[in-house]
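Reader: I'd like to learn how to read helices in a model. Can you walk me through it?

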Amino acid sequence: MSTRTSAVGALAAIVLMSVAACSGSDPAVLTVYSGRSEELIAPLIERFTDESGITVEVLYGDSASLSAQLLEEGDKSPADVFFSQAPGPLGSIDGAGLLKALPNDLASLVAEEFRAADEEWIGVSARARVLVYDPQRTPLASLPKSVLGLGEPRSDLTVGIAPTNASFQDFVSALRLDLGDDATLLFLDGLAERGVRTYANNVTIVEAVGRGEIDVGLVNHYYNLELRAQDQSLATENYYFEPGDLGSLVLISGAAILKTSDSDTEAQSFVRFLLSASSQQYFAEQTYEYPLVTGAPGPAGQPSLAELGAPEFDAVQLGQELTSTLTLINEAGLVG
């Protein structure tokens with residue numbers, strides 16, 4: 001599978017045409033705002049269209065930008081479903097009252113910690129934050145037990161981050177909620193003082209580690225697995241921090257149905273499809289993510305979600321913290 005890339009800015013809607021219904025009537029149309037890249041989910045959407053006969057119009061873009069667009073559109077939004085790459089953007093529109101509750105039989109497909117308390121969004125897959133490194137260049141013993149060690153004066157590791165990435169921003173929001181702003185800023189300042197290098201996305205961080213440009217990088221776990229599947233010579237490895245550490249934060253991608261939707265049946269069918277056995281297997285085997293339907297096997301060779309023991313954060317809280325988080329990241333001089 002080729003490396004996913006994020007669409008930048010507002011893109012024109014891409015229509016994946018379906019076969020017409022047997023009756024000859026116009027097929028149902030579903031509008032999806034997707035923070036997940038076209039390269040990643042287009043195969044799933046095509047299969048959904050083939051199986052259901054529902055035409056899907058997709059607006060691809062950055063999850064945070066799409067959530068801001070939904071907030072601006074309000075009750076005039078044409079969107080039926082929001083498929084977010086990260087929990088924070090889901091939380092921001094949930095907190096604004098733009099979502100409708102999912103039926104309980106749908107929401108109950110995943111554990112409570114991976115869905116909204118009000119059942120207005122549901123996790124579809126998950127990724128863990130990790131430290132990617134090359135054991136041929138950076139000994140395992142030199143890596144800190146906690147992510148906070150990367151910001152301490154005694155650390156001499158060169159670090160790569162993607163400060164404009166939604167997952168990094170959610171990670172910083174989680175730090176703020178757990179440690180407070182002062183301790184989080186101290187950590188970010190520590191990274192800056194030790195010459196942290198910034199990159200556009202997780203892929204470029206893994207590639208930089210592979211080239212020896214940096215020692216380690218903070219990324220989501222599946223990027224390294226994906227790149228190694230493409231290039232067997234790549235020696236980079238995922239390093240999971242100690243159970244419970246904020247550096248191993250688990251972040252969900254999730255789906256929600258907008259209150260503005262007049263296509264409840266089709267929207268629910270789409271969300272159910274994402275949680276079907278075949279789709280969950282797709283996430284585990286093709287994108288190396290953790291499926292979230294109870295009992296679905298995770299990506300091969302990776303610790304289970306239970307073994308990670310990641311601290312839990314409410315997506316609404318993460319979404320509400322985004323603006324202040326961006327301010328803190330800017331204050332540390334990590335953007336621009």
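Author: Let's start just past a helix: Gly195 follows H6 and has a positive phi, near 70°. Helices here are DSSP runs of H or I with at least four residues, strands are E runs of at least two, and both are numbered from the N terminus. This is a predicted model, where local features need pLDDT of at least 70, side-chain atom pairs count only at pLDDT 80 or more, and totals for chains, interfaces and linings use all residues. Residues are numbered from 1 along each chain as its sequence is written, and side-chain values use heavy atoms, with hydrogens and water left out.

Reader: Which residues of H6 are buried?

Author: An α-helix has 3.6 residues a turn, so residues three or four places apart point the same way. In H6 the buried ones (under 20% relative accessible area, 1.4 Å probe, protein chains only) are Thr184, Leu185, Phe187, Leu188, Gly190 and Leu191. Their cover includes strand E6 (159-161), helix H5 (166-179) and helix H12 (315-331).

Reader: And how do I read a helix pair, say at what angle H7 and H8 cross?

Author: Two packed helices are described by the angle between their axes and the distance between the axes. Here, the axes of H7 (residues 202-211) and H8 (residues 221-230) come within 9 Å and cross at roughly 60°. Axes are lines fitted to C-alpha atoms over the stretch in contact, with angles from 0 to 180 degrees between N-to-C directions.

Reader: Which residues make the contact?

Author: Asn202, Val203, Val206 and Glu207 from H7, with Tyr223, Asn224 and Leu227 from H8; contact means heavy atoms within 4.5 Å.

Terms used
Buried means under 20% relative accessible area, exposed over 50%, partly exposed in between (1.4 Å probe, protein chains only).
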